[in-house]
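Here are my comments on the model, set out as numbered points for a colleague who will want to check each of them against the coordinates. Please read them with the structure open.

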Amino acid sequence: MDTPTPRPAPYDLLGVGIGPFNLSLAALADPVPGLRTLFCDQRPEFRWHPGMLVDGARMQVPFLADLVSLVDPANRWSFLNYLREQDRLFPFYFAERFHLPRREYDHYCRWAAERLANCRFGTEVTALHWAGDRYRVELRHTATGRREEVHARNLALGVGTRPVLPEAFAALTGHPRAFHSADYLDRRGDLDGARDITVVGSGQSGAEVFLDLLRRHGDDGVRLRWLTRTRALAPMEYSKLGLEHFTPDYTRYFHGLPEPVRDTLVDTQWQLHKAASAETLAEIHDHLYERTIGRPIDAAPVEITPGTAVAEARPGPCGGLELDCRHTDSGARHLLRTDAVVLATGYRAARPAALEPLAHLIDWDGSGRYRVDLDHRVATRPEVTGGLYVQNAELHTHGVGTPDLGLGAHRAAVILNAVTGRTLHRLPTRTAWTGFAPPRAEPQAAPHTTPHAGHRTAPRTEPRAQPQTPPRGAAPTGPEPATAPRPVPAVPRPQESTRAATAGR
């Protein structure tokens, strides 16, 4: 009688997608004894916004917002250890840079992704199923087409966000001279020969594209236009206390608010996470100032027009493009003709196609979004006992810090603590001086009570900050997850060698 072949042990955590956030999770999980993890990405190698690695572009977060340092600065995958292995510690020291060139951050992440044994690139996750007590994950190796099936107790979705093409520009889909800023470097050559170029969107990407075009078209007569529906080209909030919105304290506060309040806040807090940096705006102004020395201020063929929305865009009858525009304050409408459009219109979280087999087991909110608890675990039906965690898909539940690289390592540590059911990483209970919630009401003393002579009353104290995750067995501080995280048994690390190949404010 043949002995049945035993099923391979499931992974304790499988990550779908390898961007900076799941890469942070992989890096923090790497040194944990007995924790079996695998992270898959269909791309052949790690790439981080390659279309926007413009020369001179800098990160909007300090270098400590790397994969691990704000949780585990001694971890081998820190940026400082990367510099050490690249023999760049002294050059970095003398550069005195707190904010990295964007190209260097991308190179750092690729350095880690290529060396982490739990990262597997060229491997597409095609379908996710719940199979009794674990997830069944279907994989396809993109180079060979070979299919594979593995199992996991927990999943982490880190598939990133997708470029947004506003409905007003739908008629320009596929046009050779209309594209999203995500493809800017790859498509910049398509702008050659255009005599009138329009950039739409006032965030950091729009500012960097506009600045790059200014530098490339000095006195060649090409008209450059920067158009945005935002009423002012206001810089991103970067005061020290303002930045406390990007702390776990604010995340906990935001998560406890009613859903309608959260949705309103996200829309009104654009200057915290969608605006351009003051430095980039200053560079644009400096460029225009020097360009017009000795000439009238309007001598340069440059237009900067805030407070103007595009109602409809279409190919023009005689070539070029036509934009029907509306001035926000006055309501005045005008037709704008241009040769090319670069759409710096942002990104949006998207549901991966591989999740569809699980869609009926997920507790979606009224707007079809994930319901996510403080541990970043998605609410599911009770029969799904394995955790389903999301990274950078919970802006509506966790606030403006969701896409911020500075909170990436902290979120990864929260997920790992939840997955293992123990404190792998000790996390601070208070990270901000700002108190975002109203103070708790003081208990009133009972009437007609007088302390005895010599009786000492306790001093009045501020309420203690709530921990990021409640102690095991305690009631959660946010919406109750559908199931409690399962402890992970101590199992040996996989012996097989997996080939490693695959924003911030």
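1. The natural place to begin is the open sheet, in which five strands are arranged in the order E9-E16-E10-E11-E12 with parallel pairing. Its edges are strand E9 (178-180) and strand E12 (302-305), each of which pairs on one side only. From one strand to the next, the twist averages 15°.

2. This is a predicted model, and its confidence should be kept in view while reading the remaining points. The average pLDDT of the protein is 88, and 86% of the residues score at least 70. Over residues 449-503, however, pLDDT stays under 50, although the model has 105 contacts beyond four places in sequence for this stretch. I would ask that any statement about residues 449-503 carry that pLDDT, under 50, alongside it.

3. Within the sheet, strand E10 (residues 196-200) and strand E16 (residues 340-343) run parallel and are joined by four bridges. A residue-level example is Ile197, whose bridge partner in E16 is Ala340. Ile197 also appears among the contacts of Leu213, a residue taken up in point 5.

4. Helix H6 lies across four strands of the sheet, namely E10, strand E11 (223-227), E12 and E16. Relative to E11, the helix runs at about 170°.

5. Leu213 is placed in helix H6, which spans residues 204-216. Is this residue, Leu213, buried or exposed? Its relative accessibility is 1%, and because the cut-off for the buried class is under 20%, Leu213 counts as buried. When neighbours within four places in sequence are left aside, Leu213 is in contact with Tyr184, Leu191, Ile197, Val199 and Leu224. Of these partners, Leu191 is 22 residues away from Leu213 in sequence, while the C-alpha to C-alpha separation of the pair is 10.0 Å.

6. A second buried residue deserves a separate comment. Tyr135 lies in strand E5, which covers residues 135-141, and its relative accessible area is 0%, so Tyr135 is buried. Where does the side chain of Tyr135 reach? The side chain of Tyr135 comes to 2.9 Å from the backbone oxygen of Gly386. Tyr135 and Ala152 are separated by 17 residues in sequence, yet their C-alpha atoms are 5.1 Å apart in space.

Key
Residues are numbered from 1 along each chain as its sequence is written. This is a predicted model: local features need pLDDT of at least 70, side-chain atom pairs count only at pLDDT 80 or more; totals for chains, interfaces and linings use all residues. Side-chain values use heavy atoms; hydrogens and water are left out. Helices (H or I, at least four residues) and strands (E, at least two) are DSSP runs, numbered from the N terminus. Buried means under 20% relative accessible area, exposed over 50%, partly exposed in between (1.4 Å probe, protein chains only). Contact means heavy atoms within 4.5 Å. pLDDT is the predictor's confidence in each residue, from 0 to 100. Two strands pair if DSSP finds at least two bridges between them. Axes are lines fitted to C-alpha atoms, for helices over the stretch in contact, and angles run from 0 to 180 degrees between N-to-C directions. A polar contact is a pair of N or O atoms within 3.5 Å; within protein, one must be able to donate a hydrogen and the other to accept it, and residues adjacent in sequence count only if both atoms are side-chain atoms.
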